[in-house]
Amino acid sequence: MELFLQTALSFPTAIYSFLLCVAVIYWLVVAAGLLEVDLLDVEADSMMEGSGQTEGLAGLLYKLKLDGVPVTLVLTLLFFFAWFACYFIELWLLRHLPLGILRYPLGLVIIAGALVLAAPLRGNLPAATAAVSQSRGGQQQIGIGPGGRGAQRPCYCHSW
């Protein structure tokens with residue numbers, strides 16, 4: 001356990017450890033019902049209808065076919081896979097090299113490399129979630145709303 005904590009809290013991995021902790025806290029707050037799942041979502045479909053081109057995050061999500069997936073889910077999976085890659089690079093490679101001051105520039109390269117490595121890994125997982133959400137019509141009865149009826153919210157969950 002000591003080796004795990006030492007590796008997870010060392011420089012290159014610590015950045016993704018922090019981002020992953022923020023994501024876990026966000027999902028706990030969502031599970032408690034204090035925030036919506038689609039807090040950071042960008043509607044790429046509505047932007048595509050108007051000018052024919054999208055820019056920024058909406059365009060990127062549309063190009064990657066992730067426009068029906070919550071941005072928070074995409075970011076959480078991206079942070080997880082990048083943390084995983086960075087953790088094992090630190091565990092198997094960096095800790096055994098006598099880098100000295102070069103550890104920080106190399107750590108920045110590893111942070112960027114882990115992000116690039118994580119992007120294709122998380123690509124298919126949110127798309128599968130969006131397919132499940134769209135096959136259900138995007139709505140599911142959850143919770144108890146005003147008048148004793150279930151509140152209508154978008155469903156971004158699996159059927160299992």
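Reader: Hi! Before I look inside, what is a nonpolar core here?
Author: A nonpolar core is a set of buried Ala, Val, Leu, Ile, Met, Phe, Trp, Tyr and Cys residues joined through side-chain atoms within 4.5 Å. Buried means under 20% relative accessible area, exposed over 50%, and partly exposed in between (1.4 Å probe, protein chains only). This is a predicted model, where local features need pLDDT of at least 70, side-chain atom pairs count only at pLDDT 80 or more, and totals for chains, interfaces and linings use all residues. Residues are numbered from 1 along each chain as its sequence is written, and side-chain values use heavy atoms, with hydrogens and water left out.

Reader: Thanks! Which residues touch the most other members of the largest core?
Author: Among its 17 residues, those are Tyr 16, Ala 82, Trp 83, Cys 86, Ala 114 and Ala 118. Helices α2 (11-31), α5 (71-92) and α6 (103-135) each give at least two residues to this core, and α5 has the largest share, with nine. Helices (H or I, at least four residues) and strands (E, at least two) are DSSP runs, numbered from the N terminus.

Reader: Cys 86 caught my eye. What is Cys 86 in contact with, beyond four places in sequence?
Author: Pro 12, Thr 13, Tyr 16, Ile 110 and Ala 114 (contact means heavy atoms within 4.5 Å).

Reader: And is Cys 86 buried or exposed?
Author: Cys 86 counts as buried because its relative accessibility is 0%. Cys 21, at 47%, is partly exposed.

Reader: New topic: how many disulfides?
Author: Zero, counting pairs of cysteine sulfur atoms within 2.5 Å.

Reader: And the overall layout?
Author: The protein chain has six helices and two strands, in the order α-α-α-α-α-α-β-β.
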